[in-house]
Amino acid sequence: MGESSICQVRATVMLYDDNSKRWVPAGSESTSISRVQIYHNPSANTFRVVGRKLQADQQVVINCPIIKGMKYNQATPNFHQWRDHKQVWGLNFGSKEDATLFANTMTHALDTV
Ligand SMILES: CCOC(=O)[C@@H]1C[C@@H](CC)[C@@H]2C=C[C@H]3CCN(C(=O)[C@@H]4CC[C@H]5C=C[C@]6(CCCN6C(=O)[C@H](Cc6ccccc6Cl)NC(C)=O)C(=O)N54)[C@@H]3C(=O)N12
């Protein structure tokens, strides 16, 4: 049994650059919308966030496991963020509905792992 996508939203995936104290777009320089999904592997009971640019190249801009105890911060209604072991991710959602859907799925994942 492989992984299946349990939620799909549109968001710009950002990384916080500690040196410049700025948010920079993940992946190649261009700030653009990605399709961001949460995948669930039921046999391993693992979840991860995967984002691909909507542009032709479908570049993977985030592939981040959802780790037990991770804090998911809804900084604003459509900008949410979390830390992994080495960086801070930010999602700038295309809509508040997408933000709510993603947050609900992330919360479910964090309650389950
Ligand atoms: C409107 C104009 O927006 C902007 O120009 C930029 C570009 C906008 C998108 C393209 C983006 C949108 C929305 C706002 C919302 C506020 N915000 C910030 O960055 C705030 C302001 C101060 C700054 C300081 C630190 C910083 C960065 C790194 C992480 N962090 C923390 O505070 C973490 C948070 C956290 C809490 C709990 C759990 C996990 C985590 Cl991660 N705390 C800790 C304890 O880790 C942070 O989030 N910060 C955004 C912003 O400015 N911008």
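In this predicted model, a side-chain N or O atom of Gln 81 lies 2.9 Å from an oxygen atom of the ligand. Arg 83 also reaches the ligand: a side-chain N or O atom sits 2.4 Å from a ligand oxygen. Trp 23 adds a polar side-chain atom at 2.7 Å from an oxygen atom of the ligand. The ligand taken alone exposes 920 Å², and the protein buries 48% of that area.

Four strands each give two or more residues to the shell around the ligand. They are S1 (4-17), S6 (72-76), S7 (79-83) and S8 (88-93). The residues around the ligand include Met 14 and Tyr 16, then Lys 71, Asn 73, Ala 75 and Thr 76. Phe 79, Val 88 and Asn 92 are also among them, as are Trp 23, Gln 81 and Arg 83. By class, the shell divides into six nonpolar, four polar and two charged residues.

Now turn to the aromatic rings. A pair of aromatic rings is described by the distance of the centres and the angle of the planes. The model holds six aromatic pairs. One of them joins Phe 93 and Phe 102. Their centres are 5.6 Å apart, and the planes meet at 50°. The pair is tilted, because that class takes in planes that are neither under 30 degrees apart nor over 60. Both Phe 93 and Phe 102 are buried. Ring pairs link these two residues with Tyr 72 and Trp 82 into a cluster. Elsewhere, Arg 48 lies over the face of Tyr 39, 5.9 Å from the ring centre.

Helix H1 spans residues 96-112 and contains Leu 101. How far apart are the C-alpha atoms of Leu 101 and Val 9? They are separated by 7.8 Å, although the two residues are 92 apart along the chain. Leu 101 has 38% relative accessibility, so it counts as partly exposed.

Two loop residues deserve a look for their backbone. Lys 21 lies in the loop between S1 and strand S2 (22-25). Its phi is near 55°, a positive value in a residue other than glycine. Lys 21 is exposed, because its relative accessible area is 55% and the exposed class begins over 50%. Gln 58 lies in the loop between strand S4 (46-53) and strand S5 (60-65). Gln 58 is not a glycine, yet it has a positive phi of about 50°. The relative accessible area of Gln 58 is 37%, so this residue is partly exposed.

Technical notes:
Residues numbered from 1 in each chain as written. Predicted model: local features only at pLDDT ≥ 70, side-chain atom pairs only at ≥ 80, totals over all residues. Heavy atoms only, no water. Near = heavy atom within 4 Å. Polar contact = N/O pair within 3.5 Å; in protein donor to acceptor, adjacent residues only side chain to side chain. Areas by Shrake-Rupley, 256 points an atom, 1.4 Å probe, with all protein chains shown as cover. Nonpolar A, V, L, I, M, F, W, Y, C, P; charged D, E, K, R; others polar. Phe/Tyr/Trp six-rings, centres within 6.5 Å; stacked < 30°, edge-to-face > 60°. Buried < 20%, exposed > 50% of the residue type's maximum accessible area, 1.4 Å probe, protein only. Lys NZ or Arg CZ within 6 Å of the ring centre and 35° of its normal.
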